[in-house]
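Visitor: I should like to learn how the terms used for a protein model are justified. May we look at one together?

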Amino acid sequence: MNGGDRPGLAARQAALIEALVAGGPYPDGLDTARLDATRRALLRKRAGRVARAWPLLAAAHGTDWTRVFHARFDGVAPTDPVREGWDLARELRAAGTLPAAAASELAGREAAMRYDGRSAPRRRSRPAAALRRLLERSRG
Amino acid sequence: MASRPTGTGVGWRPEIASVLAGTAGLGFCEVIAESLDPAADLPAPLRSQAAGGTTVIPHGVHLSLGGTEPVDPARVTHLAACAAAVDAPIVSEHVAFVRAGGREAGHLLPLPRTRDALDVLAANIARTRTELDAELAVEPIAALFDWPEDEFTEAEFLTRLLDRTGALLLLDVANVHANAVNRGRDARADLDAMPLDRIAYCHVAGGARHDGYYHDTHTDPMPAPVLDLLAHLVQRCPTVPPVMLERDGRHPPAAALRAELAAIAAVTGHPAPHELPAGSERPGVGSRR
């Protein structure tokens, strides 16, 4: 009950979240099978949020979406749904496995926003966005 | 201030707004506080529900009342503003934490049921209530695991928390079911031990099995054991509490959703929500948002 206990609780909570979403080791004394199930449940919810932010990316993968998302983000510290979908779409495009509908969704985002892969995407100025759209179209 | 929730309610979500606009007899609805912008207009269908006399309860999911850091004042202000915007008599949050060490879990996580955690919760609940005109109800969550440092059962922990803070109980019957099923315990015994005299209102929902456990995902029809457990609760309570359906995904057709509401009402004895005759939807609710 003394104040010295408080860091114990804070540290336990932080260690648990680190383990569940960012690949940290499971805290001592907890049931690993139950933590596995919890970790996957959190990933399903995270995949759902990314699917809402990137509907064509998720829809293009159909029933495979959860597997694709988990393969990329299990143990990877969360950023936000827009960035996570963006990262994944870019990686799939680079690997040549981005479905066409998802490619057009990505192109639309890249025309409107600038994303450096490390911080929140920023809206492009209007002339810059229009120019990118033109270039995209001419590339075709 | 709008009246306390009564009867049969539902979690208002944009995806089912049009179905709810065409449904009469809803006693109350709950809306995710973090989905509202109290500085702007409410979504038109929700505004119509409130204007039509349906009590609206803001339900927070990101306050992290169980986090060891003090609750974020901006989040408390937002929750209080949501309550003011819908004239809510009650707001609700969870007995859980969602962030720690600078990271977000993305969903509600269980606390160790210790005296230390009670201190943390009581302090954060007190901080939250300083800004709230509405009463606060707290909801125990569904969790797949327990902490080895637990000093209390869940019912003991909640009873202590409510006694100490004066908060009300939002009892999620489906969570009681899930927690019991996933630990091989008797859900009725777990429910009987809860501080039932503190109930403000109840949640029910349907879930799904993953990895060998039952998850309260709000994405499926209510399973029979959840309705059976609700019937047990009704028998245990001198006054039948208001009960609402939570549905957060794989939204069913209108008829199926209303059938779920009717099934809840059949168990509680509250009036059953029903479809409004064609053309008699409340004005303004036809707009898709």
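**Reasoning from values to terms**

Guide: Please note that this is a predicted model. Beyond its neighbours within four places in sequence, A:Leu16 is in contact with A:Pro27, A:Leu30, A:Leu35, B:Phe97, B:Leu109, B:Phe145 and B:Trp147.

Visitor: Which residues touch the most other members of the largest nonpolar core?

Guide: A:Leu16, B:Val138, B:Leu171 and B:Leu233 do, in a core of 83 residues. Helix α3 (residues 73-86) of chain B gives this core its largest share, 6 residues. Another core, of 22 residues, lies apart from it and includes A:Trp54 and A:Phe69.

Visitor: Why is B:Cys29 called buried?

Guide: Buried means under 20% relative accessible area. B:Cys29 has 1%, and therefore it is buried. B:Cys237, at 10%, counts as buried too.

Visitor: Why is there no bond between the sulfur of B:Cys29 and the closest cysteine sulfur?

Guide: A disulfide requires sulfur atoms within 2.5 Å. The closest cysteine sulfur to that of B:Cys29 is in B:Cys82, 13 Å away, so it is too far for a bond. For B:Cys237, the closest one is in B:Cys202 at 6.8 Å, which is also too far. The count over all chains is 0 disulfides.

Visitor: How are the axes of helices α8 and α9 of chain B placed?

Guide: The axes of α8 (residues 224-236) and α9 (residues 254-268) of chain B come within 9 Å and cross at roughly 35°. Their contact involves residues including B:Leu227 and B:Leu230 of α8(B) and B:Ile264 and B:Thr268 of α9(B). The contact residues comprise 7 nonpolar, 1 polar and no charged.

Notes
Residues are numbered from 1 along each chain as its sequence is written. Chains are lettered from A and ligands numbered from 1 in the order in which they are written. This is a predicted model: local features need pLDDT of at least 70, side-chain atom pairs count only at pLDDT 80 or more; totals for chains, interfaces and linings use all residues. Side-chain values use heavy atoms; hydrogens and water are left out. Axes are lines fitted to C-alpha atoms, for helices over the stretch in contact, and angles run from 0 to 180 degrees between N-to-C directions. Helices (H or I, at least four residues) and strands (E, at least two) are DSSP runs, numbered from the N terminus. Contact means heavy atoms within 4.5 Å. Ala, Val, Leu, Ile, Met, Phe, Trp, Tyr, Cys and Pro count as nonpolar, Asp, Glu, Lys and Arg as charged, and the others, Gly among them, as polar. A nonpolar core is a set of buried Ala, Val, Leu, Ile, Met, Phe, Trp, Tyr and Cys residues joined through side-chain atoms within 4.5 Å. Buried means under 20% relative accessible area, exposed over 50%, partly exposed in between (1.4 Å probe, protein chains only).
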